[in-house]
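Welcome, and please open the model in your viewer. We will go from one selection to the next, with a short note on what to find at each stop.

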Amino acid sequence: MIYILAALLPPLGLLVNGQPISALINLIMIVPCILLGLIFPLLFLVPSAHAVIAVHMKRTDRRQRQVLEAIQRSGVPPA
């Protein structure tokens, strides 16, 4: 769900994911991408791609942090 929101409304998707600085950067990025997107249509996708990648990296970081905390709580599994 968060990935769809990040693709369709990039700044809002980043805010919901807890990344206000990335949302601000993405909002600033939208203006030149829209203006230059009239000449190079592929640039319309840059803010959405940035948001989806940022959301994925944040979720991966959270998942890794949870795994590390679980390992620290229960110890290293036997080999």
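Start by selecting Val46, which counts as partly exposed because its relative accessibility is 32%; here buried means under 20% relative accessible area, exposed over 50%, and partly exposed in between, with a 1.4 Å probe and protein chains only. Val46 is found in helix H4. Helices (H or I, at least four residues) and strands (E, at least two) are DSSP runs, numbered from the N terminus. Now add Met29 and Cys33: Val46 touches both, not counting residues up to four places away in sequence, where contact means heavy atoms within 4.5 Å. A distance label between the C-alpha atoms of Val46 and Cys33 should read 7.2 Å, although the two are 13 residues apart along the chain.

A word on what you are viewing: this is a predicted model, in which local features need pLDDT of at least 70 and side-chain atom pairs count only at pLDDT 80 or more, while totals for chains, interfaces and linings use all residues. Residues are numbered from 1 along each chain as its sequence is written, and side-chain values use heavy atoms, with hydrogens and water left out.

Next, step back to Leu45, in the loop between H3 and H4. Leu45 counts as exposed, with 52% relative accessibility. Select Ile34, Leu36, Leu38, Ile39, Phe40, Leu42 and Phe44 along with Leu45 and show the surface: together they make a nonpolar patch of about 880 Å². Patches of this kind join nonpolar side chains (Val, Leu, Ile, Met, Phe, Trp, Tyr) within 5 Å, from residues with over 30% relative accessible area and no salt bridge. The areas come from the Shrake-Rupley method with a 1.4 Å probe.

Now colour the whole of H4, residues 46-74. How far apart are the end C-alpha atoms of H4? They are 42 Å apart, which agrees with the 42 Å expected for 29 residues at 1.5 Å a residue; the expected span is 1.5 Å times one less than the number of residues. Pro47, Ser48, Ala51, Ala54 and Val55 are buried in H4. Show helix H1 (2-8), helix H2 (10-16) and H3 as well, since the buried residues of H4 pack against these helices. After H4 comes Gly75, with a positive phi near 95 degrees.

Stay on H4 and pick Asp61 and Arg65. They form a salt bridge, with the closest N and O atoms 2.8 Å apart; the rule asks for a side-chain nitrogen of Lys or Arg within 4 Å of a carboxyl oxygen of Asp or Glu. By this rule the count is 1 salt bridge. The two residues are 4 residues apart, about one turn of the helix. Asp61 is partly exposed at 37% relative accessible area, and Arg65 is partly exposed at 41%.

For the next selection, go to Asn26 in helix H3 (residues 20-37). Is Asn26 buried or exposed? Asn26 counts as buried because its relative accessibility is 0%. Leaving aside neighbours within four places in sequence, Asn26 is in contact with Pro10, Pro11, Leu14, Pro47, His50 and Ala51.

Finally, zoom out. The chain has 4 helices and 0 strands, and its C-alpha trace spans about 60 × 25 × 20 Å along the principal axes. Buried residues make up 24% of the 79 residues.

Note on methods: Patches are made of residues with over 30% relative accessible area and no salt bridge: like charges are joined within 9 Å, nonpolar side chains (Val, Leu, Ile, Met, Phe, Trp, Tyr) within 5 Å.
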